[in-house]
Amino acid sequence: MDEFDWYIDSWKLDFSGESLIHHDTGEIRKLGEYPFRLLTELAGNAGKVLLKEELLAVVWPGRIVGINSLPAAVHSVRKAVDDDGRKQKIIHTVPGAVYCLSEAHLRQEPRKHAGQVEPDAAFVYFRAVAAIQRVRVLL
C-alpha cells in the first residue's frame, strides 16, 4: 500500500492519520484505530466476502471484543465513506454477519512524490483563504 494512494470514491485513505481525506474539499474524517483497520482490511480484499471471524482476528488481534464491536465499526466506516446500512452502496452485508467492500468504489493511484502538487491544490488553497477572509470580515 506504500506505492499507491487508495481512494473509496472521493475519500483518500490516510494511513498515518487513520482518517479519510476528501479529494476535492480536503475535509478530514478521523476514524480511529479499529474502524480504520476494518476499512483497510475491507479495501485490501475488495470484492471478497470476509467472514466475521476473519475480521475480528485482523481488526482486534488477540482481544476479546463485545458482540456489537464489529457492527459498530462497520457503521462508523459506512458513515465516514457516505454509505449506509440500507443502501449498502459501498459496504455490503451478507446474511450471517459477513461483509464485502464493492470493488467499483475502490481505486488506487500512484503516490505523488514529495514536491508534486495536484493541479487543483492551489485552487482549493485559495478558496480556503478566501473563506477565512470572509469569516474575518464578518467577525
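**Core, helix packing and local features of the predicted model**

Lys52 counts as partly exposed, because its relative accessibility of 29% falls between the limits of 20% for buried and 50% for exposed residues. The model in which this value was computed is a predicted one. Lys52 has its place in helix 2, and its C-alpha atom is separated by 8.3 Å from that of Gly96, although the two positions lie 44 residues apart along the chain when counted as a separation. Leu56 is found in helix 2 as well. At 23% relative accessibility, Leu56 also counts as partly exposed. Leaving aside residues up to four places away in sequence, Leu56 touches Pro61, Val65 and Leu70. From Leu56 to Ser69 the separation is 13 residues in sequence, while the C-alpha to C-alpha distance is 8.8 Å.

A wider view puts helix 2 in its setting. The protein comprises four helices and seven strands. Read from the N terminus, its elements follow the order β-β-β-β-α-α-α-β-β-β-α. Of its 139 residues, 31% count as buried. Among the contacts with a separation of 6 or more, 52% come from residues 24 or more positions apart.

Next comes the interior. In soluble globular proteins, nonpolar side chains tend to be buried together. Here the largest nonpolar core holds 27 residues, and the members touching the most other members are Ile8, Leu20, Leu38, Leu39, Leu42, Ile91 and Leu101. At least two residues of this core are supplied by each of strand 1 (4-8), strand 2 (11-14), helix 1 (33-44), helix 2 (52-59), helix 3 (69-80) and strand 6 (98-101). For Ile8, the contacts beyond four places in sequence are with Leu13, Leu39, Val81, Ile90, Leu101, His105 and Leu106. Ile8 also has a C-alpha to C-alpha distance of 9.0 Å to Ala104, with 96 residues of sequence separation. Ala104 sits in the loop between strand 6 and strand 7 (106-110). With a relative accessibility of 70%, Ala104 counts as exposed, because the limit for that class is over 50%.

Helix 1 can be followed from its length to its packing. Its twelve residues reach 16 Å from first C-alpha to last, close to the 16 Å expected at 1.5 Å a residue. Pro35, Phe36, Leu38, Leu39, Thr40, Leu42 and Ala43 are the buried residues of helix 1. How, then, do helix 1 and helix 3 meet, and at what angle do their axes cross? Two packed helices are described by the angle between their axes and the distance between the axes. The axes of helix 1 and helix 3 come within 9 Å and cross at roughly 75°. This angle lies in the range from 65 to 115 degrees, so the two helices are roughly perpendicular to each other. Helix 1 contributes Pro35, Leu38 and Leu39 to the contact, and helix 3 contributes Leu70, Ala73, Val74, Ser76 and Val77. By residue class, the contact has seven nonpolar residues, one polar residue and no charged ones. Leu70, on the helix 3 side of this contact, is also touched by Leu56 of helix 2.

Phe36 of helix 1 also takes part in the surroundings of Ser19. Ser19 lies in strand 3 (residues 19-22). Is this serine buried or exposed? Ser19 is buried, with a relative accessible area of 3%, because buried means under 20%. Beyond four places in sequence, Ser19 touches Lys12, Leu13, Asp14, Ile28, Arg29, Lys30, Leu31 and Phe36. Leu13 thus appears among the contacts of both Ser19 and Ile8.

Some backbone angles complete the picture. Most residues other than glycine have a negative phi, and most peptide bonds are trans. Asp9, which is not a glycine, has a positive phi of about 55°. Asp9 belongs to the loop between strand 1 and strand 2, and at 25% relative accessibility counts as partly exposed. Gln88 likewise has a positive phi, of about 50°, without being a glycine. Gln88 lies in the loop between helix 3 and strand 5 (91-94).

Definitions and conventions. Residues are numbered from 1 along each chain as its sequence is written. This is a predicted model: local features need pLDDT of at least 70, side-chain atom pairs count only at pLDDT 80 or more; totals for chains, interfaces and linings use all residues. Side-chain values use heavy atoms; hydrogens and water are left out. A nonpolar core is a set of buried Ala, Val, Leu, Ile, Met, Phe, Trp, Tyr and Cys residues joined through side-chain atoms within 4.5 Å. Buried means under 20% relative accessible area, exposed over 50%, partly exposed in between (1.4 Å probe, protein chains only). Contact means heavy atoms within 4.5 Å. Axes are lines fitted to C-alpha atoms, for helices over the stretch in contact, and angles run from 0 to 180 degrees between N-to-C directions. Angles under 35 degrees count as roughly parallel, over 145 as roughly antiparallel, 65 to 115 as roughly perpendicular and the rest as oblique. Ala, Val, Leu, Ile, Met, Phe, Trp, Tyr, Cys and Pro count as nonpolar, Asp, Glu, Lys and Arg as charged, and the others, Gly among them, as polar. The expected span of a helix is 1.5 Å times one less than its number of residues.
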